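Student: I have a two-chain complex open and would like to talk it through with you. Could we start with how the chains meet and then move inward?

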Amino acid sequence: MTPRSTMKERASAALRDEFLRRAVKTTTDKLFLGRRLAQQSYEDWERLRDRGRAIRAHVIDNLDFYLGRLTDRVRANGGQVHLCREAADVVRVVTEIAARRGARSVIKSKSMVSEEVRLNRALEEIGVRAVETDLGEYIVQLAGEMPSHIIGPAIHKNRQQIAELFSREAGRPVAPDTESLAAFARRRLREEFLRADIGITGCNFAVAETGSVCLFTNEGNGRMVTSLPPVHIAVMGMERIVPTLEDLEVMMHLLPRSGTGQKLTSYVTIVSGPRREGESDGPEEFHLVIVDNGRSRLLRDPRFREALYCIRCGACLNVCPVYRQIGGHAYGWVYPGPIGAVITPLLQDDLDRWGDLPFASTLCAACSEACPVKIPLHDLLVRHRARYVAAGKAGMAERAAFRAFRRVFGAAKKYKVAVGAAEKLLRLWVRDGHMAPRVPGLKGWTDSRDFPALARRRFRDLWPELEKESPGQKGGKAHG
Amino acid sequence: MGEPPRDGDQRELVEQFIANWTALGGEAEIAVSARAAEKIVAFLGNPAGRTVVRWNDPLLEELALDEHLKRLGAEVYVWKAGADRDRIVEIAERADLGITAAHFAAAEPGTVVLLSGGDTARSVSLLPPAHLAVVPVSRLVPGLAEVMRELGRHRLPSSVNLITGPSRTADIENDLTVGVHGPGRVGVLFLEDR
């Protein structure tokens, strides 16, 4: 499912898909506006972001301590904790539980980490059916695809396509209106909830102090998965911790507002271990699977550590001019958009295959502005590019070009001569004050862009006159 | 929970809660305890032949709603601690309405808080297509900060659920639908004398 193609190839394919582009635009516009309105519903949004960032920074700087505390508290609540270094460890832990319980079916509420480790496929290989129950995830699973947005996994599908998928599953036609489609999913998945042997969820936040796993959901599937099956397995990225319930409250304000534009999701479920004395529903076994899978690489590297602050709200996707054109699948793996471009090359630890992701950005910094915990995503993308070049991955021509650029732009005389010559040369392409140069080797850039013609008299030529106009300012400050 | 507050602040909180809750598509009523059963019947619609499942909560006992509902032809099941799992889940699954008594409610953003326990089963607010939470106004606090403070006072139960409106999704072409997996109809009944 992860094609060995380049970012550029995948993006080109996405750009040819008119439906995809319209759908992504509609959804991201809606989520963007929702976020803006929701932020206004909080009195001091900027201060809240600072608090959120401080909490995340504190946890990441003391992650070993909080992992220890969380583990102790979960065990005190009667839960079992499994620390998993690699994807294979997660698969082993979960399939062993499934085998021990003689499980035949597993129901899942949204978990990005389980996508990372391809858990569904691993379960199917041992004969256990894994059913996604978040409506968007269910649609994507029936289509045999990956989610294309952190918040709206199936935004690339229209209702006709969804109706076809559901009709195939139902063995009878399901009408392509939202109500019929949702009603079908409710009935169909209700059967699955009632008979499942194991429920698997993700984890939006784990609260170290209380040993709890917290889920933010809207449909209620998260509640079903944690209430009906006899076993609950929560799979969490190891960085997803907040110290206390008070800190969780900050995230309750930040996450839904940034993600879906709600003040709060319909449900927030805080699970603290298995069911207790006298309870008839709720799981008799609770497992917390804490997953590293490359996260220590980010933790160890001060250049990229901040990426672990991410609370997976998806706000950076909705504002990204690149994501908005190409959607999520073009990023090739589980995490799309600016945050995906930052964490994928590190989690996967493969520059050859994923090193081109950080180049899919205009560096406009809209992502950093949108980020509720103020991760400077555009800076991290630049650091990635530097790392890529330092690793010798940039092409010969590119390296030669930048060497030449440095030589010319680093010396006033060379610069003057070069720009003068360029202006004369580029006149050849000027039409109506604009030029559309066909520069060999820069085709990818120049094909879709026209430039204003270079001015005949440059700023440097005007400088002596400007000096005469405002005497006394020479060498002084322009203002203040 | 002590003497019920009757000051203007609490009134304002109730109004704020109701504004938030109804904006999300929820229904809300205020009543004195003696009239609560009537309000619950009104929320259910014609009770004849309907099934109601409720928490085993002293507050709900006092409202005498079982008698009221049964007299009008509804079946009422009380989910008690130690109930047989399969049987009670099956009943909750076919019930038309689940009734709970919220432990807390927050005016902002319009949230009821339910703590799981043997007599306060999570499925009651989840499996039926409609859920009604009875909330004494004394349990209403301004916001989530107060809720978290209250929760922090004791060891957390196995499951805490903060419920803010009906079950919803926008996963099909961004089109908002309610009642996907959880209840599509949610009501809050404030008891003004509690």
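**Where the chains meet**

Tutor: In this predicted model, 54 residues of chain A are in contact with 43 residues of chain B.

Student: Which elements of chain A supply at least two residues of the side that touches chain B?

Tutor: Helix H2 (18-40), helix H8 (135-142), helix H9 (159-170), helix H10 (178-195), helix H11 (221-227), helix H12 (245-259) and strand S9 (267-271) of chain A each do so. The largest share comes from H10(A), with eight residues.

Student: And what is the make-up of that side of chain A by class?

Tutor: The side of chain A that touches chain B has 21 polar, 19 nonpolar and 14 charged residues.

Student: What does S9(A) pair with in chain B, and in which sense, parallel or antiparallel?

Tutor: S9(A) pairs in the antiparallel sense with strand S9 (residues 159-163) of chain B, over five bridges. Within that pairing, Val268(A) stands opposite Leu162(B) in S9(B).

Student: Before I read more into that, what scores does the predictor give?

Tutor: The complex is given an ipTM of 0.96 and a pTM of 0.92, while chain B averages a pLDDT of 94, with 96% of the residues scoring at least 70. As a general caution, where pLDDT is low the predicted coordinates should not be read in detail.

Student: Switching to chain A itself, how many helices and strands are there?

Tutor: Chain A has 23 helices and 13 strands. The C-alpha trace of chain A spans about 90 × 50 × 45 Å along its principal axes, and 47% of the 480 residues of chain A count as buried. Among contacts in chain A between residues at least 6 apart in sequence, 72% join residues at least 24 apart.

Student: What is the strand order in the open sheet of six strands?

Tutor: The order in chain A is S1-S10-S7-S4-S2-S3, with parallel pairing. Strand S1 (80-84) and strand S3 (129-132) of chain A stand at the edges with a single partner strand each, so one side of each has no neighbour in the sheet. From one strand to the next, the twist averages 20°.

Student: Can you take me through S4(A): what does it pair with?

Tutor: Strand S4 (residues 198-201) of chain A runs parallel to strand S7 (residues 231-237) of chain A, and four bridges join them. Ile198(A) has Val231(A) as its bridge partner in S7(A), and Gly199(A) has His232(A). S4(A) also pairs with S2(A) in the parallel sense, over three bridges, where Lys108(A) has Ile200(A) as its bridge partner.

Student: Which residues of S4(A) are buried, and on which side?

Tutor: Ile198(A) and Ile200(A) are buried on one side, and Gly199(A) and Thr201(A) are buried on the other, so to speak covering both faces of S4(A).Student: What lies across the sheet strands?

Tutor: Helix H5 (residues 87-100) of chain A lies across S1, strand S2 (105-108), S4, S7 and strand S10 (285-291) of chain A, and runs at about 170° to S10(A).

Student: Back to H9(A) and H10(A): how do their axes cross?

Tutor: The axes come within 11 Å and cross at roughly 35°, and the crossing of H9(A) and H10(A) is left-handed. Residues of H9(A) including Ile162(A), Ala163(A) and Phe166(A) meet residues of H10(A), among them Leu181(A) and Phe184(A). The residues of this contact of H9(A) with H10(A) divide into six nonpolar, one polar and three charged.

Notes: Residues numbered from 1 in each chain as written. Chains lettered and ligands numbered in written order. Predicted model: local features only at pLDDT ≥ 70, side-chain atom pairs only at ≥ 80, totals over all residues. pLDDT = per-residue confidence, 0-100. Pairing = 2+ DSSP bridges. Axes fitted to C-alpha atoms, helices over the stretch in contact; angles between N-to-C directions. Contact = placed C-beta atoms within 7 Å. Nonpolar A, V, L, I, M, F, W, Y, C, P; charged D, E, K, R; others polar. Buried ≥ 20, exposed ≤ 12 C-beta atoms within 10 Å, placed from the backbone. Left-handed = near helix turned anticlockwise from the far one by under 90°.
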